[in-house]
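Visitor: I would like to go through the charged pairs here. Please give the reasoning behind each label.

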Amino acid sequence: MADTPAPRGRWFEDFTVGEVLLTGRRTITSTDIVNFACLSGDFNDVHCNHEYARQTPFGEPIAHGPLVYAVAAGLVYASGVNDGTLVALQGVDGWRMLKPVKHGDTIHVRSTVEETRPSTKPDRGVVVIRREFVNQRDEVVQELRATIVYRRRPA
């Protein structure tokens with residue numbers, strides 16, 4: 001039987017209130033928008049109809065809010081912070097779409113640790129993180145507060 005590699009993610013004890021974590025960056029493409037429409041079934045004109053979208057305040061199709069969230073989740077995963085130490089996402093609060101994300105926009109995630117507290121279970125703890133999805137102009141395009149359960153470091 002192969003040995004299980006040690007987790008590379010952060011343990012509950014590794015989080016400090018006030019610290020800021022940054023992810024890598026990823027550009028949203030027209031293909032992403034079309035593929036997400038196909039996956040979700042959301043073919044709303046503001047996402048998929050160039051003629052319609054040209055007449056909106058955005059001037060062109062925009063990415064679905066949940067698409068941007070999904071890409072941001074992938075960026076957090078790729079950062080390794082949750083790899084092998086995340087137990088569960090307890091909730092997402094205050095999710096707001098602040099600016100449109102268009103084809104060609106490049107986003108990253110800025111996470112600020114707001115709170116840490118032990119769980120009722122001794123092998124885990126709860127971390128509340130403010131997540132901001134930021135574009136290439138350093139504008140926050142989406143924000144939310146995530147409550148996440150992490151494993152505690154073994155004794």
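Guide: What follows takes the salt bridges of this predicted model in turn.

Visitor: Why is the contact between E13 and R152 called a salt bridge?

Guide: The cut-off is 4 Å between a side-chain nitrogen of Lys or Arg and a carboxyl oxygen of Asp or Glu. E13 and R152 meet at 3.1 Å, N to O, so the pair qualifies.

Visitor: What makes it a link between distant parts of the chain?

Guide: E13 and R152 are 139 residues apart. E13 is in the segment before β1 (20-22), and R152 is in the segment after β6 (140-151).

Visitor: How do you know whether E13 is buried or exposed?

Guide: Buried needs under 20% relative accessible area, and exposed needs over 50%. E13 has 37%, so E13 is partly exposed. R152 has 27% and is therefore partly exposed.

Visitor: What makes E115 and R117 a salt bridge?

Guide: Their closest N and O atoms are 2.7 Å apart. The limit is 4 Å, so the label holds. E115, at 33% relative accessibility, is partly exposed. R117 is partly exposed at 31%.

Visitor: Why is E132 called buried or exposed?

Guide: E132 is at 8% relative accessibility, so E132 counts as buried; the cut-off is under 20%. Its salt-bridge partner R130 lies 3.2 Å away, N to O. R130, at 29%, is partly exposed.

Visitor: Which residues are linked with this pair in a network?

Guide: Salt bridges link R130 and E132 with R110, D138 and E143.

Visitor: How many salt bridges does the whole structure hold?

Guide: The search finds 15.

Terms used:
Residues numbered from 1 in each chain as written. Predicted model: local features only at pLDDT ≥ 70, side-chain atom pairs only at ≥ 80, totals over all residues. Heavy atoms only, no water. Helix = DSSP H or I, 4+ residues; strand = E, 2+ residues; numbered from the N terminus. Buried < 20%, exposed > 50% of the residue type's maximum accessible area, 1.4 Å probe, protein only.
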